[in-house]
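Reader: Hi! I have a new structure open on my screen and would love some company while I look through it. Could you walk me through it?

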Amino acid sequence: MPPLVFAGECRNLQIRLAKCATGEAFLVQGGDCAESFSQFSANTIRDSFRVQLQMAVVAMFGGGVPVVKVGRMAGQGDIINGQAFTADARVPDPMRLVQAYNQAAATLNLLRGFASGGYAGLQRIAQWNLDFMAKSDQGGAYMDLAKRVGEAINFMTACGLDSHTPIMTETEYYVSHECLLLDYEQALTREDSTTGLWYDCSGHMLWCGERTRQLDGAHVEFMRGIANPIGVKVSDKMDPGQLVTLIAKLNPENTPGRLTIIVRMGADKVRANMPRLVEAVRDSGQVVTWVCDPMHGNTECVANFKTRRYDRIRAEVEAFFDVHEELGTVPGGIHLEMTGDNVTECLGGGSSILEADLNSRYHTHCDPRLNAEQALEMSFYVASRLAQIFDSVLRWQRRREGGWRAGKGSHLCRL
Ligand SMILES: O=C[C@H](O)[C@H](O)COP(=O)(O)O
Ligand SMILES: C=C(OP(=O)(O)O)C(=O)O
Ligand SMILES: [Mn+2]
């Protein structure tokens with residue numbers, strides 16, 4: 001089966017992720033927990049993509065920083081067994097590997113079309129608002145921002161910016177998924193003819209899950225051998241020394257952008273457990289991109305539904321930014337389980353979803369996702385934190401005629 005991505009694309013993403021490690025860009029990574037075969041459709045793909053476009057515009061315009069867009073898309077869904085709660089459905093079926101591959105290829109094909117075919121053109125910024133969002137507070141706030149962006153574009157066009165330049169009409173978009181099913185990943189791993197390195201061509205970026213990141217495990221051994229940009233999920237159970245050793249194993253050349261540490265601890269565990277990890281990595285001189293996954297540490301069961309509360313998700317993001325602010329290190333991105341559909345899977349947020357609402361539009365096949373409105377609301381919060389950072393950077397720059405220099409390792413030392 002043909003590879004789904006080209007090694008050169010992975011190298012481009014790695015360069016962008018290196019910028020996220022030094023605060024010169026910010027990663028917005030979002031999509032399903034597990035893409036289901038039954039919900040595979042152009043509209044589902046389109047709507048997830050367009051919310052991510054909206055989030056990127058909000059973070060860029062509000063935060064004053066380039067945004068790197070990576071989807072939790074074109075990865076794995078019902079790739080092993082069926083969803084039905086029956087013994088038959090749960091029997092692993094190898095033909096699902098083929099279906100998952102074909103769906104990933106179709107998803108990626110459509111995403112490439114949206115990204116380069118004009119759908120993502122900045123002139124269309126107002127059309128990205130999803131219909132059901134029009135009347136919501138977030139939708140209204142987004143339209144206000146879209147109007148301001150439109151004015152800025154008109155001004156730049158009046159200054160001579162060619163509205164047909166690719167910056168205005170196209171966007172970069174990458175895909176990622178968990179490197180979980182090694183048979184599937186191995187089948188798509190190819191030696192890149194231009195460098196002689198091995199790339200897992202199932203996606204641009206792969207990450208190692210919280211449950212499979214053992215130093216002597218098969219997943220770390222496989223990921224050590226591929227040249228893709230990779231991530232590692234890290235909970236409060238991670239030991240600082242173990243993390244430093246794991247990073248050295250996965251990124252022995254200490255290549256910027258190669259390794260993203262995706263912290264997922266739970267809102268009430270970040271402040272107590274994240275600083276020691278960040279300090280250990282900083283003191284080791286290793287370059288990583290720090291990203292917050294505020295989903296996986298905040299899962300709970302309410303009224304028989306696996307759900308998450310928007311307030312706890314937001315609190316984890318806040319703590320993530322606070323810890324980096326206190327240590328003078330760099331918040332490099334956010335990693336969300338989200339959808340462009342108007343689902344009721346996570347409680348609270350602007351849509352103020354109540355326990356009684358969970359039953360009405362609960363469509364996830366695995367973890368509960370932020371709906372479009374909640375995801376957009378989160379991007380406004382992220383933008384407000386990025387604005388503070390970049391505002392203070394400008395103050396330092398003015399005062400010191402310098403700027404933030406990427407110090408030894410992933411932290412930034414203020415001049
Ligand atoms: O993202 C996927 C889930 O977190 C994983 O399947 C584990 O699910 P659990 O949190 O119900 O154990
Ligand atoms: C399983 C996942 O996360 P974690 O490994 O952090 O639990 C996931 O991101 O789908
Ligand atoms: Mn999940």
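Author: Happy to! One term before we start: two strands pair if DSSP finds at least two bridges between them. Also keep in mind that this is a predicted model.

Reader: Good to know. Which residue in S11 is the bridge partner of Cys301?

Author: That is Lys306. The strands involved are S10 and S11 (residues 305–309), which pair in the antiparallel sense over three bridges.

Reader: What sheet do they belong to, and in which order do the strands come?

Author: It is an open sheet of three strands, ordered S10-S11-S13, with mixed pairing. S10 (300–302) and S13 are the edge strands, each pairing on one side only.

Reader: Which helix packs on that sheet?

Author: H10 does, and it touches S10, S11 and S13. The direction of H10 makes about 50° with that of S11.

Reader: What span should H10 have, and how far apart are its ends?

Author: Helix H10 covers residues 310–327, and its 18 residues at 1.5 Å a residue should span 26 Å. The end C-alpha atoms are 26 Å apart, so the two values agree.

Reader: Nice. Which residues of H10 are buried?

Author: Quite a list; among them are Tyr310, Ile313, Val317, Phe320, Phe321 and Leu327. Some with polar side chains are buried too, including Glu316, Asp322 and His324.

Reader: And what follows H10?

Author: Gly328, with a positive phi near 70°.

Reader: Let's switch to the barrel. How many strands does it have, and is the pairing parallel or antiparallel?

Author: Eight strands close the barrel, in the order S1-S2-S3-S6-S7-S8-S9-S12, and the pairing is parallel. On average, neighbouring strands there are turned by 25° against each other, ignoring direction.

Reader: How many bridges join S1 to S2?

Author: Six, between S1 (residues 26–31) and S2 (residues 67–72), which run parallel. To find your place on screen, look for Leu27, which stands opposite Val68 in S2.

Reader: Which strands does helix H7 touch?

Author: H7 (residues 218–225) packs on the barrel sheet and touches S6 (205–208) and S7 (230–234). Its direction makes about 150° with that of S6.

Reader: Now the metal. What coordinates the manganese ion, ligand 3?

Author: Four residues do: Cys33 through SG, His296 through NE2, Glu337 through OE and Asp367 through OD, at 2.1 to 2.6 Å. Along the chain, these donors follow the spacing C-x262-H-x40-E-x29-D.

Reader: Where do Cys33 and Asp367 lie?

Author: Cys33 sits in the loop between S1 and helix H2 (42–63), while Asp367 is in the loop between S13 (346–347) and helix H11 (372–400). The pair therefore ties together parts that are 334 residues apart in sequence. Both Cys33 and Asp367 are buried.

Reader: Back to cysteines: how many disulfides does a search of the whole structure find?

Author: Zero. Take Cys179: the nearest cysteine sulfur belongs to Cys208 and is 7.1 Å away, whereas a disulfide needs the two sulfur atoms within 2.5 Å.

Reader: Is Cys179 buried or exposed? And Cys208?

Author: Cys179 is buried, with a relative accessible area of 0%. Cys208 is buried as well, at 1%.

Reader: Last one: what does Ser379 touch?

Author: Leaving out residues up to four places away in sequence, Ser379 touches Met55 and Val58. Ser379 lies in helix H11 and counts as buried because its relative accessibility is 4%, and the cut-off for buried is under 20%.

Notes. Residues are numbered from 1 along each chain as its sequence is written. Chains are lettered from A and ligands numbered from 1 in the order in which they are written. This is a predicted model: local features need pLDDT of at least 70, side-chain atom pairs count only at pLDDT 80 or more; totals for chains, interfaces and linings use all residues. Side-chain values use heavy atoms; hydrogens and water are left out. Helices (H or I, at least four residues) and strands (E, at least two) are DSSP runs, numbered from the N terminus. Axes are lines fitted to C-alpha atoms, for helices over the stretch in contact, and angles run from 0 to 180 degrees between N-to-C directions. Contact means heavy atoms within 4.5 Å. Buried means under 20% relative accessible area, exposed over 50%, partly exposed in between (1.4 Å probe, protein chains only). The expected span of a helix is 1.5 Å times one less than its number of residues. Donors are N, O and S atoms within 2.8 Å of the metal (3.2 Å for Na, K and Ca); water is not among the atoms, so sites may look incomplete.
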